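Got your viewer open? Here is a short walk through the model, one selection at a time.

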Amino acid sequence: MTKALLLIDIQNGFCPGGNLPVAEGDEVVPVANRLMASGKYDIIVASQDWHPSNHGSFASQHRGKKPFDMGELSGQPQVMWPDHCVQDSVDAEFHPELATDRIDFVQRKGENPKVDSYSAFRDNDKAALTGLADWLKAKGVTELDVMGLATDYCVKFSALDAVDMLPGAKVRLIADGCRGIDPKGVEEAIEAMRQAGVEITDSSRIGF
């Protein structure tokens, strides 16, 4: 069995002080560091939102739109976000306290300005793959633990895609290693993941 840990978007932009902060987002960092240091994982992967400055999900790219308005991108409904995690910006960097020296592979996402990418595995239109699924398959991953930011967006879609794109692999959500944007959205996201076959657990059950 090959066990992998997938850290979702633990970046400055999604932590307090960032351009799209998730409440208490920085509190996932110690959980991630403990898990990485636990010796329980063969592979550690991190996803990184990596948007061009003209990304179509940014409210600034749409006349009359404000952050968190609903809009449209390439014919699909789209939340209009504040400019965040722009390539090569401090906002896009991993949280400074995250033990990045333990990360084996970084999967960047959200580079196409015409479509958003919540999942670490593919764009929201499901047309373009990041290649992460093939990378994990090549490593023989049979168990994947997922945690990070934000529960109701990038974590949810990454976990659901992991179930879909890594057939036969056991996928778990480490709930105390996640923070979300909307409490109701978090509740619905966790239920959607559970219904899809994701096991909901927490870091205390992993054991250190």
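**First stop: Tyr118**

Select Tyr118: at 11% relative accessibility, this residue counts as buried, since the cut-off for that label is under 20%. Keep in mind as you go that you are looking at a predicted model.

Now add Phe157 to the selection. Phe157 comes out as partly exposed, at 31% relative accessibility. The rings of Tyr118 and Phe157 make an aromatic pair of the tilted kind, with 5.7 Å from centre to centre and 35 degrees between the planes. Zoom out a little to see where each partner sits: Tyr118 is in the loop between E5 and helix H2 (132-138), while Phe157 belongs to helix H3 (residues 151-165), so this pair ties together parts that are 39 residues apart in sequence.

**Next: the space beside them**

Stay with those two residues, as both help line the second largest pocket. Select the rest of the lining too: Ser119, Arg122, Asp123, Asn124, Lys126, Leu160, Asp161 and Asp164. By class, this lining has three nonpolar, two polar and five charged residues. The pocket holds about 170 Å³ of space.

**Then: more rings**

How many aromatic pairs are there in the model? The count comes to six. For another of them, select Phe68 and Trp81. Their ring centres are 5.9 Å apart and the planes stand at 90 degrees, so this one is edge-to-face. Phe68 is in the loop between strand E2 (43-49) and E3, and Trp81 is in the loop between E4 and strand E5 (105-109), so the pair ties together parts that are 13 residues apart in sequence.

Is each partner buried or exposed? Phe68 is exposed, with a relative accessible area of 51%, whereas Trp81 is buried, at 4%. Now show Phe68, Trp81, Tyr118, Tyr153 and Phe157 together: ring pairs link them into a cluster.

**On to the largest pocket**

Select Leu73, Gln76, Pro77, Gln78 and Asn124. Of the 13 residues that line the largest pocket, these lie nearest its centre. Asn124 should be familiar from the lining of the second largest pocket. Colour strand E3 (70-73) and strand E4 (76-79), which each supply at least two residues of the lining. Which element gives the most? That is E4, with four residues. The lining as a whole has six nonpolar, four polar and three charged residues, and the pocket contains about 240 Å³ of space.

**Last stop: a charge over a ring**

Finish by selecting Trp50 and Arg108. Arg108 lies over the face of Trp50, 3.6 Å from the ring centre.

Notes:
Residues are numbered from 1 along each chain as its sequence is written. This is a predicted model: local features need pLDDT of at least 70, side-chain atom pairs count only at pLDDT 80 or more; totals for chains, interfaces and linings use all residues. Side-chain values use heavy atoms; hydrogens and water are left out. On a 1 Å grid over the protein atoms alone, a cavity is a set of points where a 1.4 Å probe fits but cannot get out, and a pocket is an open set with protein on both sides within 12 Å along at least five of seven lines; lining residues have an atom within 4 Å of a point. Grid points are joined across faces, edges and corners, and a volume is the space filled by probe spheres set on the points. Ala, Val, Leu, Ile, Met, Phe, Trp, Tyr, Cys and Pro count as nonpolar, Asp, Glu, Lys and Arg as charged, and the others, Gly among them, as polar. Rings of Phe, Tyr and Trp (its six-membered ring) pair if their centres lie within 6.5 Å; planes under 30 degrees apart count as stacked, over 60 as edge-to-face and the rest as tilted. Buried means under 20% relative accessible area, exposed over 50%, partly exposed in between (1.4 Å probe, protein chains only). A charge sits over a ring if NZ of Lys or CZ of Arg is within 6 Å of the ring centre and within 35 degrees of the ring normal.
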